[in-house]
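Reader: Could you take me through the annotated sites of this protein and the pockets around them? I'd like one connected picture rather than a list.

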Amino acid sequence: MPLDQRFKGVGAALITPFDEQNEIDYQGLKKLIDLVTEGGTDYLVVQGTTGESPTVNSKEKREILAFTIKNNYKSLPIVYGIGSNDTQSVLDCIKETDFNGVDAILSVCPYYNKPTQEGIIAHFTAIADASPVPVLLYNVPGRTVTNMKPDTIVALAAHPNIIGIKDAGGSMEQSMELAARVPDDFLLLSGDDNLVTTMVSVGWHGVISVIANAFPKEFGELTWHALEGRFKEAAKLQLAFLEFDTLLYIESNPVGIKKCLEIKGICSSAVRLPLLKASDELGGKLEKAMIREGFL
C-alpha cells in the first residue's frame with residue numbers, strides 16, 4: 001500500500017474558539033477554518049488536544065465536526081480526534097460517530113492508568129478493528145505519562161487500518177529509530193512544531209501543527225521547504241519560530257496560540273477551566289515576537 005498522501009505536509013490542529021460565556025464561537029471557528037485553508041494547510045485536525053477536547057462535551061464535539069465539514073470549502077481531508085484511557089468508551093464513540101466527511105481518526109495513547117506496552121497494542125488494535133476509517137496513533141508522553149516505544153509502534157504499524165503516528169515525544173533518537181524501522185507506507189508526523197525540519201531530514205512526512213492555526217502560510221512554507229529538500233530555507237523559518245514556539249507553551253496549550261489568534265482578530269483567547277486566558281505578560285511577549293518576526 002502506498003503512503004497516504006492526504007496527510008503529508010501540514011495538518012492544522014484546530015483550536016476550539018469560545019466566546020466570553022464559554023460557549024462555542026462558531027463565527028470564530030468559521031474565520032479560523034478560512035484562515036488555515038487560505039494559508040495552504042494540507043488537512044484539518046478536529047478535536048485533538050489543541051481543540052481542548054478534555055473540556056468539550058460529546059454533543060459539542062459532534063457539532064464542531066459537522067460545522068467543520070460543512071464549512072470545509074476546499075474539501076480538505078479531515079482527521080477527527082477520538083481518544084481516551086478507556087478503550088470501551090473509544091469504541092462506543094466510534095459507533096456513535098457519523099464518519100461522512102471524516103478521512104481518519106487521531107487517537108491518543110491511553111493516559112493516567114499507565115498501561116503496559118502490550119496493553120497499548122491491545123487498545124489500539126481494538127480501535128483499528130472497529131474504526132471505519134484509518135487510524136493515526138498519537139504519542140505524547142508529556143501529557144499521557146506513558147511513551148509508546150518503537151517496538152510497540154512497529155508492531156501496530158502492521159495493522160492494515162493503522163496508517164501512521166503523530167509523535168510529540170521530543171526524542172530525536174526515537175524519531176530516527178522509527179524512520180529506520182517502520183514500513184515505507186507508514187506516515188510519520190511530527191507533533192513538535194520546533195522539530196519539523198530536523199524530523200523531515202531523517203525521513204518524516206510532515207506535522208500536525210499548533211502554530212499553523214495562526215500562521216498557516218509561514219509554517220506550510222517551512223514544512224514543504226523541508227519535504228522538498230530545501231533545508232537551508234526551512235531552517236531559516238524554523239529558527240524564526242524557535243522563541244515563539246517556546247512562548248506558546250509557557251501557560252499551557254492552547255493558551256498561547258489562542259492569544260495569537262485574538263491578536264490577529266480571528267477569535268477570543270477564551271479557554272475553559274482549568275486553563276486560564278493568557279496573562280498580560282505572555283500576551284505582550286507574543287505580540288512583540290509576532291511583530292519582530294514579521295508574522296503580524
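Author: Here's a walk through the annotated residues, then the pockets, then the cores.

A quick word on ground rules: this is a predicted model, where local features need pLDDT of at least 70 and side-chain atom pairs count only at pLDDT 80 or more, while totals for chains, interfaces and linings use all residues. Residues are numbered from 1 along each chain as its sequence is written, and side-chain values use heavy atoms, with hydrogens and water left out.

Let's start with the "active site" label, which comes from an unreviewed UniProt entry and covers Y138 and K166. UniProt positions are given in the numbering used here, feature names are shortened, and annotations may be inferred rather than shown by experiment. The two residues span 29 residues in sequence, yet no two of their C-alpha atoms are more than 4.7 Å apart, so they gather at one spot. Y138 sits in strand β5 (residues 135-139), and K166 in strand β6 (residues 162-167). (Strands are DSSP runs of E, at least two residues; helices are runs of H or I, at least four; both are numbered from the N terminus.)

Y138 counts as buried at 8% relative accessibility, and K166 does too, at 7%. Buried here means under 20% relative accessible area, exposed over 50%, and partly exposed in between, with a 1.4 Å probe and protein chains only. Leaving aside neighbours within four places in sequence, Y138 is in contact with T49, L106, S107, V108, C109, M148, K166 and A168; contact means heavy atoms within 4.5 Å. On the same basis, K166 is in contact with L106, L137, Y138, N139, L189, S190, G191 and I208.

That last name leads to the next label. For "binding site", the unreviewed UniProt entry lists T50 and I208. Although spread over 159 residues of sequence, they cluster in space, with a largest C-alpha distance of 10.4 Å. T50 lies in the loop between β2 (43-46) and α2 and is buried, with a relative accessible area of 4%. I208, in strand β8 (residues 206-209), is buried at 1% relative accessibility. Not counting residues up to four places away in sequence, the residues that I208 touches include G11, A13, L106, K166 and G191.

Now the pockets. Both T50 and I208 help line the second largest pocket, which has a volume of about 320 Å³. Its lining has 21 residues, of which Y138, V140, A168, G191 and Y249 lie nearest its centre. Y138 is also in the lining of the largest pocket, where about 800 Å³ of space lies. That one is lined by 38 residues, with S53, P54, K61, G83 and Y111 nearest its centre, and α3 gives the most to the lining, with four residues.

As for terms, on a 1 Å grid over the protein atoms alone, a pocket is an open set of points where a 1.4 Å probe fits, with protein on both sides within 12 Å along at least five of seven lines; lining residues have an atom within 4 Å of a point. Grid points are joined across faces, edges and corners, and a volume is the space filled by probe spheres set on the points.

Finally, the cores: sets of buried Ala, Val, Leu, Ile, Met, Phe, Trp, Tyr and Cys residues joined through side-chain atoms within 4.5 Å. Of the 80 residues in the largest one, L137, F186, F215, F244 and C260 touch the most other members. A second, separate core of 17 residues includes V79, A104, L106 and V108.
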